[in-house]
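Where do salt bridges sit in this chain, and which parts of it do they join? Here is a short report on the charged side-chain pairs.

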Amino acid sequence: MKSRFLLTVILMLLATAAYAQSDAQKSSVVPVPSAAQKSFATMKTLAGEWEGAVAVQDMPPQMSGAKMHLSLRVTSRGNALVHEFQEAGTPLDATKYDHPVTMLYVDGDQLTLIHYCDAGNRPRMTGKMSPDGKTVEFEFADISGSATYHMHHAVFTVIDADHHTEDWTFMMKDKAIHAHFDLKRAQ
């Protein structure tokens, strides 16, 4: 009886050890990140507060040169990046001032951007990273709401850890308006 009990305990210990070993082998295999995950990881390095000027092509001079404040924040346990623009020095009052919000996340095999525009619509774009790993370019996919005025294209370029640029293309009916933001990390 004693030997039967001892044999049962030994078999249970062996089974537990074998299970733990197979589990350890499974966890040692690191999955290779997809292109979308690599692009998103690059975008997440931009988390923080940024300031800089905007240059707007083919617009009145008062729209160009404005100082902008950008907040980029990783949220949802690292699964989303919140991008919030506002003119520097203005109160955070979206009823009186422009305050577009953009969400970035990985959706399947795509890096996805949804821009919650002050124009009242939500264009969706998909992004790809350049071979050098410094630029992520977003192409228009579709839109919820009116397409008359909407964001259509975006390019994020990482210069270094404290400097990046953003180029956004806004469609006004059939006319493309290009805005270039030169942003430095706020200290």
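The text below takes the salt bridges of this predicted model one by one.

The count comes to 3 salt bridges. The table gives each pair with its N to O distance.

| Pair | Closest N to O distance |
|---|---|
| Arg73 and Glu84 | 3.8 Å |
| Asp142 and Arg124 | 2.7 Å |
| Arg185 and Asp162 | 3.2 Å |

**Strands β2 and β3**

Arg73 and Glu84 meet through their side chains at 3.8 Å. Arg73 belongs to strand β2 (residues 67-75), and Glu84 to strand β3 (residues 80-87), so the contact ties together parts 11 residues apart in sequence. Arg73 has a relative accessible area of 42% and is partly exposed.

**Strands β6 and β7**

In the pair of Asp142 and Arg124, the closest N and O atoms are 2.7 Å apart. Asp142 lies in strand β7 (residues 135-144) and Arg124 in strand β6 (residues 122-129); the two residues are 18 apart and link distant parts of the chain. Asp142 is partly exposed, at 33% relative accessibility. Arg124 is also partly exposed, at 27%. Arg124 does not count as buried because that class requires a value under 20%.

**Strand β10 and the β8-β9 loop**

Arg185 and Asp162 form a salt bridge at 3.2 Å, N to O. Arg185 sits in strand β10 (residues 175-185), while Asp162 is in the loop between β8 (149-160) and β9 (163-172), so this pair ties together parts 23 residues apart in sequence. Asp162 is partly exposed, with a relative accessibility of 40%.

Note on methods:
Residues numbered from 1 in each chain as written. Predicted model: local features only at pLDDT ≥ 70, side-chain atom pairs only at ≥ 80, totals over all residues. Heavy atoms only, no water. Salt bridge = Lys/Arg side-chain N within 4 Å of Asp/Glu carboxyl O. Helix = DSSP H or I, 4+ residues; strand = E, 2+ residues; numbered from the N terminus. Buried < 20%, exposed > 50% of the residue type's maximum accessible area, 1.4 Å probe, protein only.
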